[in-house]
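Subject: Structure handover

Hello,

I am passing this structure on to you. Please open it first, then read the notes below it.

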Amino acid sequence: MSDENQDDDAWQQARLQFLTWDRKPEHIDSADHRARQTELSTRAGATFHPTAYVAERAAIFTTRLELGAESWIGGHALVRGDVCFGAHCTVNAYAMISGQVRCGDGVRIASHASLVGFNHGFDDPDQPIWTQKHATRGIVIEDDVWIGANAVVVDGVTIGRGAVVAAGSVVSRDVPPLAIVGGVPARVLRFRGRSRTTDARTQLETLGARALGQYQDVLARNREEGDYLSRESHGEARRSIRHLCDAIEIAAGFGSVPEGLDVPRAIARLQAVQDRQTGLFPDPYQPPKPGMALRDDGLALYNILAAGYALEVLGSQLLHRVEAVEIAAPDLCHWLEGLPWRTRAWGAGAAVDAIGTALYFNARYFTSGPTRDTLFGWLALHQDRASGLWGAPTREEGLLQPVNGFYRLTRGTYAQFGITVPSPEKAIDSVLLNYRNHGGFSGATYTACNLLDTIHPLWLCLRQTDHRRAEAEDIACRVIARAGERWIDGEGFAFADGQVAGLQGTEMWLSVMHLAARLLRLEGDFAFVPKGVHRTEAVGLGV
């Protein structure tokens, strides 16, 4: 062989270490390559399809290796452990694959990617890590997956068919089929082959049309002897002034009033509930316990929202100023500090919601002093800037209480008055973590409350930032996708799966759908627009 031919051959061999896709049948069938495969079969437990190729400088130190048809491993790649590749798989130069890894067909692994199918033990702090046992759950890469440069996939992960892992990502949990993931840790950015909003738009239009055509039947079904009730829990009738308000709000969301409603009489009835001295609204069906101060009664506070907004929807207003909230700054701070922030942050947030809403009604229809400034000042000083929330997680429920309390608190304050939420990125992180920790609120936790208390905070905070928007939009799409199957024709929505459909569930789920649509900027495709408790239009500090 001439020196020129030898130089050409050396050049080709060097080229194949890094541009291994340039291999030709003669390279695969060369004596050197077949000898290399034979040695790997003996020393590394390898089996090769006749069309598979391993570059000369690939480091293969496996206990078992399978390489399928038309698959190849580039030069300077490290493959060790128990590794299987299907057909048409490619491992680029300097990739590292360790431990137990199973790849389907058409898997693309870029340079400097690292797949680590084992883990060091480290739980015992009294022993050096190097003496603790390894654990192996293995990595599964399904068909047609592309893993980008410098990405890391850790032990125990399954990457679904057709997924794409962005360069530099750290994949620490399973990746759904066709998902595009990125970041540290990797999160779903979007899905291949479909617009995130295409299906959602159709689902919103379909459900909106069904609800628009049936809501009056839903209202009539929950009316007995001229009064509205709800059967949410176990099918038993439950009475509260709230249910009249729910009926008014459902109809208002569709631009109407309940059929047969005597509007002047309904206004008079709602106004009559208000306590003249405090301005609060004790429920006539569920009065406070004897000796309890009205401001300590949850219904007397919540009905400020329920009755107050229902009156506005009907073109009326409260009869009396809410005096219970127009108090000196030290008294308001004492009230706020006495709320159960550490044990029941949802209840604490609900109280703030009522206080903020009472201040809104006072400012709009009567007079209001400096209490609102005191309230926002106290909130600014007491937010946990690490979580973006108010209140503390609990042992039993984790972040559920402060996340749900965040919705109630911000609804009546920051959202209602159009004020920016402090630390919105931290709040988004906490809301998404809570959603994930509860498995997306699957099963018994998939309730109107939990989904509302997820969607509203995400929508509110994403008005200020695009932080993790793709994940929030994915949740909104998932909620919309499930809603159609949960609507019961002629009955509406149940508050939770397994319960009876009723007014509370119907109003709340319709509002969740509006918020999910609004988060996706698709609110124009849904027929229902909340006009009361769950409305999204801010009033501003000027009221």
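Here is what was found, taken by topic.

Please keep in mind that this is a predicted model.

**Domains**

The domain assignment gives two parts: domain 1 spans 2-191, and domain 2 spans 196-525. Their centres, taken over C-alpha atoms, are separated by 51 Å. The contact draws on six residues of domain 1 and seven residues of domain 2. About 510 Å² is buried between domain 1 and domain 2. Carbon and sulfur atoms give 47% of that area.

Which three residues supply the most of the area that domain 1 buries against domain 2? They are Arg173, Arg187 and Val188, with 62% of it.

**The sheet**

Look next at an open sheet of eight strands. Its order is E2-E4-E6-E8-E13-E16-E18-E19. The pairing is mixed. Strand E2 (53-54) is one edge, and strand E19 (187-191) is the other. Each of these edge strands pairs on one side only.

Inside the order, E6 is next to E8. Strand E6 (residues 90-91) and strand E8 (residues 108-109) run parallel. Two bridges join them. Val91 stands opposite Ile109 in E8.

**Cavities**

How many cavities of 30 Å³ or more does the structure hold? There are two.

The largest cavity has a volume of about 90 Å³. Its lining includes Tyr309, His456 and Trp459, along with Arg535, Thr536, Glu537, Ala538 and Val539. Arg411, Ala415 and Gln416 also line the largest cavity. Helix H11 (400-417) and helix H13 (448-461) are the elements that give two or more residues to this lining. H11 makes the largest share, with three residues. By type, the lining of the largest cavity has five nonpolar, three polar and three charged residues.

The second largest cavity holds about 30 Å³ of space. Among its lining residues are Arg242, Cys245, Asp246 and Glu249. Tyr302, Ala306, Glu507, Val533 and His534 line the second largest cavity too. Helix H5 (241-253) and helix H7 (298-313) each supply at least two residues of this lining. Four residues come from H5, the largest share. The lining of the second largest cavity divides into four nonpolar, one polar and four charged residues.

**Where to look first**

For the domain contact, start at Arg173, Arg187 and Val188. For the largest cavity, start at H11. For the second largest cavity, start at H5.

Best wishes

Terms used
Residues numbered from 1 in each chain as written. Predicted model: local features only at pLDDT ≥ 70, side-chain atom pairs only at ≥ 80, totals over all residues. Heavy atoms only, no water. Pairing = 2+ DSSP bridges. 1 Å grid on protein atoms, 1.4 Å probe; cavity = no way out; pocket = protein on both sides within 12 Å on 5 of 7 lines; lining within 4 Å. Points joined across faces, edges and corners; volume = space filled by probe spheres on them. Nonpolar A, V, L, I, M, F, W, Y, C, P; charged D, E, K, R; others polar. Domains from an automatic or database assignment. Contact = heavy atoms within 4.5 Å. Buried area = accessible area lost by both parts, 1.4 Å probe.
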